[in-house]
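Here is a walk through one protein model. Take a look at the chain before reading on.

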Amino acid sequence: MKTVLIVDDEPAARYGLRRALEAKYRVAEADSAEAAHAALDTEKPDLVLLDVVLPGQSGLEFLRWMREQGSELPVLMVSALDTAKTAVEALRLGAADYLVKGFELEELRQRVANLLKLATLEKENDSLRRRMATEGQFGQMIGRTAEMRRAFEMADRVAAADSTVLILGESGTGKDLVAQEIHARSPRAGKAYVAVNCAALPEALIESELFGYERGAFTGAAQQKKGKFELASGGTLFLDEIGDMNPVTQAKVLRALENRTIERLGGTQPISVDVRVISATHRNLGAEIRAGKFREDLFYRLRVVTIELPPLRAHKADIPVLAEAFLQMHTARLRGGAGTGGGGASPSPTKRVTREAMAAIERYDWPGNVRELKNALERSLVLCRGEEIGVEDLPREVVSGEAAPHKNSDGGGENGFGEKDFREAKRKFEVAYLTKQLAEHRWNVSRTAATIGLHRQSLQEKLRELGIRRPGREPLEEE
């Protein structure tokens, strides 16, 4: 039986409310906010029926205290004052509903029943979301391996908090999808979600995009423009690839996080912003800090909670289930779209991947991670003319395995010589070099470290940083 806590200083009012509800609910009473404090612990109510006017602490103050303590109990406010201002304030503080005294008892019963039903549904939804996370689904993301379930569970747990979150992972691992789902499961879900790709914006534009500008702040600023921090106020700001942000902008972002204020370019007045920041990067921020390219104080401010998404090559056991989900998604979209293009036949909803093709897909190391797998399967589905997707329908690099980032290759794209960005070229060279050395020493870390002049611990740290694992996912030999 559900418990309703009635908080009202008038004995007659409590008596009337009790008589109206006691046939269906267990009813507890408190004659003041102070007494209600204790009743929350002793009575464990499922709903609070709260009068606005109370001796000592008012009902609105008690409601504010409840929400500050993290209580999500549904609260039905009751008042003799029929004023919009009081009702709006109660709802703003987190009341689930509002009644003016003089109401019909049947209306009271219906409101209480509706709120308790809604609270039950919300608990069931929370439980379902947690179960899906532990069983291998988090929003649009799927992963049943232990590595992915750990990431999903961490993201689900942090969603309800308001802490800043740093998501780490290679390009294509789904960092943006995790950020979106954290926002969707947070108390800010009904507010704005604003995403900014820091790597895609030129240095000259990123400040004006984040903080906005006043009219006349620079040539071409014909009118005032709000920045992403202002547009996301009340909601979530996702700073993707924050490792590519220049140091000057980093300092301003740090100041905005610490003071919860920003200034538009050309402006002089601080503007308050209430924003939860989620950031992501594929870069090793520890190495960037040591190189003087990323602020250490901003790093610690961003990583209150850190979620690491493994590369697809580290959880290949998820490839079959991912492939099935992507094929179903692409099939549904292409059947409802304007055709398949490429001269291929219309895809069938029963089309599957042959055993040989799946073996090739699982052997490939997917340097572009889940995004590359998704795109490769769409291409294969479009071009496939038979009833099944065979090896001949897969992209050439998947069949040959030549694009895998930690395979030994003399190609410029794999050893980094074909890269324009120095940091990416350096990363690719290190992957190719270390993989070759490890293979020559049968993946024995100690012997490899001695040969190339590194301490064993230093080599192990570098392997973790680059995501290098022995083919077949066997653990690296320590001795």
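Start with how the chain meets itself. Among contacts between residues at least 6 apart in sequence, 66% join residues at least 24 apart. The model is a predicted one. Its protein chain has 479 residues, and buried residues make up 46% of them. The secondary structure comes to 20 helices and 18 strands.

Turn next to a sheet. Strands of a sheet pair through backbone hydrogen bonds, either parallel or antiparallel. Here five strands form an open sheet, and the pairing is parallel. The strand order is 9-12-15-8-16. Which strands stand at the edges? They are strand 9 (193-197) and strand 16 (305-308). Each has a single partner strand, so one side of each is left without a neighbour in the sheet. Neighbouring strands of this sheet are turned by 15 degrees against each other on average, with direction ignored.

Look at one edge in detail. Strand 9 pairs with strand 12 (residues 236-240) in the parallel sense, over five bridges. Within this pair, V196 has L239 of strand 12 as its bridge partner.

A helix also lies across this part of the chain. Helix 6 (residues 146-159) lies across strand 8 (165-168), strand 15 (276-281) and strand 16. Helix 6 runs at about 150 degrees to strand 16.

Now move on to helices 18, 19 and 20. Two packed helices are described by the angle between their axes and the distance between the axes. Helix 18 (residues 422-440) packs with helix 19 at an angle of about 120 degrees, and their axes are 9 Å apart. That angle makes helix 18 oblique to helix 19. Helix 18 passes helix 19 in a right-handed crossing. From helix 18, the contact is made by Y433, L434, Q437 and L438. Helix 19 brings V445, T448, T451 and I452. By class, the contact of helix 18 with helix 19 has five nonpolar, three polar and no charged residues.

Helix 19 (residues 445-452) also packs with helix 20 (residues 456-466). Their axes lie 9 Å apart, at an angle of about 105 degrees. Angles of 65 to 115 degrees count as roughly perpendicular, and helix 19 and helix 20 are therefore roughly perpendicular to each other. On the helix 19 side, V445, S446, T448, A449 and I452 make the contact. On the helix 20 side, R456, L459, Q460 and L463 do so. The contact of helix 19 with helix 20 divides into five nonpolar, three polar and one charged residues.

Terms used: Residues numbered from 1 in each chain as written. Predicted model: local features only at pLDDT ≥ 70, side-chain atom pairs only at ≥ 80, totals over all residues. Heavy atoms only, no water. Axes fitted to C-alpha atoms, helices over the stretch in contact; angles between N-to-C directions. Helix = DSSP H or I, 4+ residues; strand = E, 2+ residues; numbered from the N terminus. Parallel < 35°, antiparallel > 145°, perpendicular 65-115°, else oblique. Contact = heavy atoms within 4.5 Å. Nonpolar A, V, L, I, M, F, W, Y, C, P; charged D, E, K, R; others polar. Left-handed = near helix turned anticlockwise from the far one by under 90°. Pairing = 2+ DSSP bridges. Buried < 20%, exposed > 50% of the residue type's maximum accessible area, 1.4 Å probe, protein only.
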